[in-house]
Structure formats: structure tokens, C-alpha cells
Amino acid sequence: MNSTPEWITRSVSRLRPSAPAADKAGDKLAKSALDKSVTDVVAKVAVPRSTNERLAATLRRGQEALSPRALRRLLADLQEVVAPQVSEIEGGRRAQAVAEWYAKAEPEERRDMWLLMCEQFAPDATRFKSARQRYEAAAGTAEEGQAEISLRRALVSPRTRLLQRFSAFPEGMRFLVDMRAEILPLLKADKRLLPLDAELEHLFSTWFDVAFLELRRLSWDSPASLLEKLIKYEAVHDIRSWADLKNRLDSDRRCYGFFHPRLPNEPLIFVEVALLDKISSSITPLLDEAAAPVDITRATTAIFYSISNTQTGLRGVSFGDSLIKHVVETLTAEFPRLRTFATLSPIPGFRAWLSKHAGAMLERLDDKRRAELGRAVGFEPPQATHLLGAIDKALELDARSPVRQMLLECAAYYLGREMQEGKPVDPVARFHLGNGARVERLNWAGDPSSKGQKQSYGLMVNYLYDLKRIDKHRSLLAQGKVPVSGDIDSLCRD
């Protein structure tokens, strides 16, 4: 018999309840010599009652937000949303009424609604078990196709239908995206919420597929309400003023965003582009409000210098790959002379990484270079603390300084070699390399701002999108090899 398909394995994992952390804590307490009364108190605090227990109870316990009666009433309201005899329109109206209650509810009361969605609208485990046994028995027979259909239907939870009804009323999509944004920070502390989060992410991946998104150019002539959102959501280089924003929307710039028809005035992600005659090495001139616009008729290079996701609730839903592809196509149609597409990107995780790995990087040096570095920092042999102290004010280092060279080599190694679970450790590198770019060039003092120095000692990096080699670069990354230019490869000093 063939092995169980991956889609079944993934689905089964959602049905298996994980052992509550509190149970493990209870086991340890039972084995200890603690007083029984203390154990009872700890257990009551640590082990929250399930919604099944609370729905069957009479009184509220401890920190529970909704009383059993109020919880039963809320469950009835949710069940009425998905009642079989209710039409889509009526179901959406009932969902809207629940959303209006939710808007006035306290955070803990909202959590109670999430728990009801998780525990009271889960797939029927008995039905699934039966359907799975039928599917496995039918493998390789003429009944296999029908058995698979039955199994897939058994995996669809009532929760899916419930969330679909919430998406039916005009502000429903906004409601669900915002609700997930509230849930995400709580997942580590409360694993009971994981099924609801997984369901929302799965639905969003379908509802926000690129086929349903619209690419729009944002300009100085766009509605003020939309421009205000660019200021609000800019995540890479803060927009300081309206004059700053106007500079980013000038004649030699382009800004594009993806929009969804159910969130018509909300950019889901947007990218800022500078049109130049070469790859940029510093963010300073790009953000200089007094700089004269470039003659775009002579532009040969498009620099993506800021990409911002705007909706926390859509975490895990990827837009970036499609956005860059669509923007490249749009720019090429408007400016046939464009040949080079690259980024000017921050390296947000570098300084924190180096603070932990400076010692290991020093161990990679040969005796000659270790001695040179030691003389430069005033300690022989140099230790991690000496290196970190010397680069604390990196922008003051001379171009020929061994310390400066060492910092560049560390950055190249961080971007070009350091991997975790088969992916680059730096989040921005992970994004661009995953989209088929390569690490092209490091730029000293690329971002001299306090934020740039805090993240990466002022270093910035160019990722190059070579349109003819994107698939090759993705293939290399899948093999655990980061695509890099010759200059970056030399700096890595393998």
C-alpha cells in the first residue's frame, strides 16, 4: 500500500490534540513533595477549563471572562451563523451581528469567542477516522477516487463555513484580518488557538491569491487617505513628512501596491522604486528631498529600496514574489531602456548575529590576519569583545582599516553562508533570495542613520534580480547554496 499522502498527514496533525503544557507541569507537581493545597491552587491557575467544561458548568471560575450562561449564548449565536437552513445573505447578517458584539467586547471575552471557534467547530474526528480507513482500504482500486472525495469532505471543519460567513458582510474581510492580527501574539502562550490561526491562514492564502489582486500605481495625485496609509505602513525607512513622501513619489520614482477588492482602499503590500543610471550604494541621496529628479529617459536601473507589508493579520500569505514580478513587467513596458533590477536593502539581523558569533568569525582568520587585526584593535590575540568594541563606531573606520575589512567579511558570510533550516537567517535576505535574487554587493555607510547603525553598523546590501537566472538562483537556494556575486564570494574567504 502506498504511504499516506502529505495532505492527509498535514490534516491529521491538526486533529490530534497536543498535550497541554499544564498537564506536564501537573505531573511534575504530583511527583514533588509540595503540599497538596499548593498543588491544587497551581493546577487551578495553570489548567484552564475547556469550553466543553465551561458550557456544562453553572458558575464562572477564576479568570474566565464570560460566564457559562454568556458563553452558551455566544455559542448559540455562532451556531446560528452556520445553521443549515440559513442563506448566505442571512448568515452574513448574523455574522455581522456577532462582529458588532466583538467590537465592544473586552480582550478576554474575545479570546472566549476564539476558543469556541477552535473547540466547538472542529472537524468530526470519528467521521474523519472512518473516511480515512475507507480511503486506505480503497487504495489502488476503482473506489480510490470516491474515497478521497469523502476523506477531503470529512476534513472540512464547521469552522471553515463559519469563517466564510464572516467574510460575507461588507466589512467581514477587514474583521477577519484584524482578528487574526490580535490572535498571532498569543499563540505561543495559548496553543489552543492554533487551529483557528491555521484555518485563517489557509483561507487567506486562497482569498488573497495574486489572481484576485490588483496592482495599482500610487502617486502624489492619489487620495490623501491613501497617501496617509503609505506614511503609516512604511516599515523600512520612516516617512518623516509630506515633503518626504512627495520626494518618494516624484517623476523619477514609482510606487506600486497590491489591492484586494474587499479591501479597496488598503494596500496589502507596496514597493518604492527609484529610477537611476546605476545600482545605488546609499539610501541618503534617495531620501534627499532637495535632490533634483533624475532624467528618467536615461534611466537604465530600477532600485527597489523599500517593500512594506501592511497587514499583520496576513502574515504567512506571500505577495512579494508576485509584486516584484508584476512591477518589473510594468516598468519594462513604460521604460524599455531598463536593464537592471536590484534592491538597496537593510540587513536587519546582522548586528545581533555578530554579537553572538564574533568569536567564531575570529577563529576563521589565519595567523597573519589575526595579528593585523590585533594590532588594529590594540589587543593580541584579539577576542570577540575587542572586535565588537572596535566596530561599535564603524562609520569612523578608515577605508584601509583591518577592522573595516573584517566587518565586511562578517557581513558577507552572514548573508552568503549562514543558513537556518535551509533558509538564510536574515529576514530580508530570505525574502529576496527566495524570490530568485542573488547577493550582489555590500555598501559601506549605505544607511548612516541611527536605525541603520543599530541594525547593521550602517551597511546595506544590493540584491540583484537577473531575470534570466531567477530560476537558477532558486534552484541553488533549494540545494542549500546562497546565490552570490564573485565579490561577495571572495569576501566570504572559504
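This passage describes strand E2 with its two partner strands, and then the aromatic contacts, in a predicted model.

Strand E2 spans residues 253–259 and is mostly covered, with seven of its seven residues buried. In a regular strand, side chains alternate between the two faces of the sheet. In E2, Arg253, Cys255, Gly257 and Phe259 point one way, while Arg254, Tyr256 and Phe258 point the other way. The residues of both sets are buried.

E2 pairs with two strands. Strand E1, formed by residues 214–217, pairs with E2 in the antiparallel sense over four bridges. In this pairing, Glu214 stands opposite Phe259 of E2. Strand E3, formed by residues 269–276, also pairs with E2 in the antiparallel sense, here over six bridges. Ile269 of E3 stands opposite Phe258 of E2.

Phe259 has a further contact, with a charged residue: Arg216 lies over the face of the Phe259 ring, at 3.9 Å from the ring centre. Phe259 itself is buried.

Aromatic pairs number 11 in the structure. In one of them, the ring centres of Phe166 and Phe175 are 5.3 Å apart and the ring planes meet at 15°; the pair therefore counts as stacked, the cut-off for stacking being planes under 30 degrees apart. Phe166 and Phe175 are both buried. Elsewhere in the sequence, ring pairs link five residues into a cluster, namely Phe350, Trp353, Tyr413, Tyr414 and Tyr457.

Note on methods
Residues are numbered from 1 along each chain as its sequence is written. This is a predicted model: local features need pLDDT of at least 70, side-chain atom pairs count only at pLDDT 80 or more; totals for chains, interfaces and linings use all residues. Side-chain values use heavy atoms; hydrogens and water are left out. Buried means under 20% relative accessible area, exposed over 50%, partly exposed in between (1.4 Å probe, protein chains only). Two strands pair if DSSP finds at least two bridges between them. Rings of Phe, Tyr and Trp (its six-membered ring) pair if their centres lie within 6.5 Å; planes under 30 degrees apart count as stacked, over 60 as edge-to-face and the rest as tilted. A charge sits over a ring if NZ of Lys or CZ of Arg is within 6 Å of the ring centre and within 35 degrees of the ring normal.
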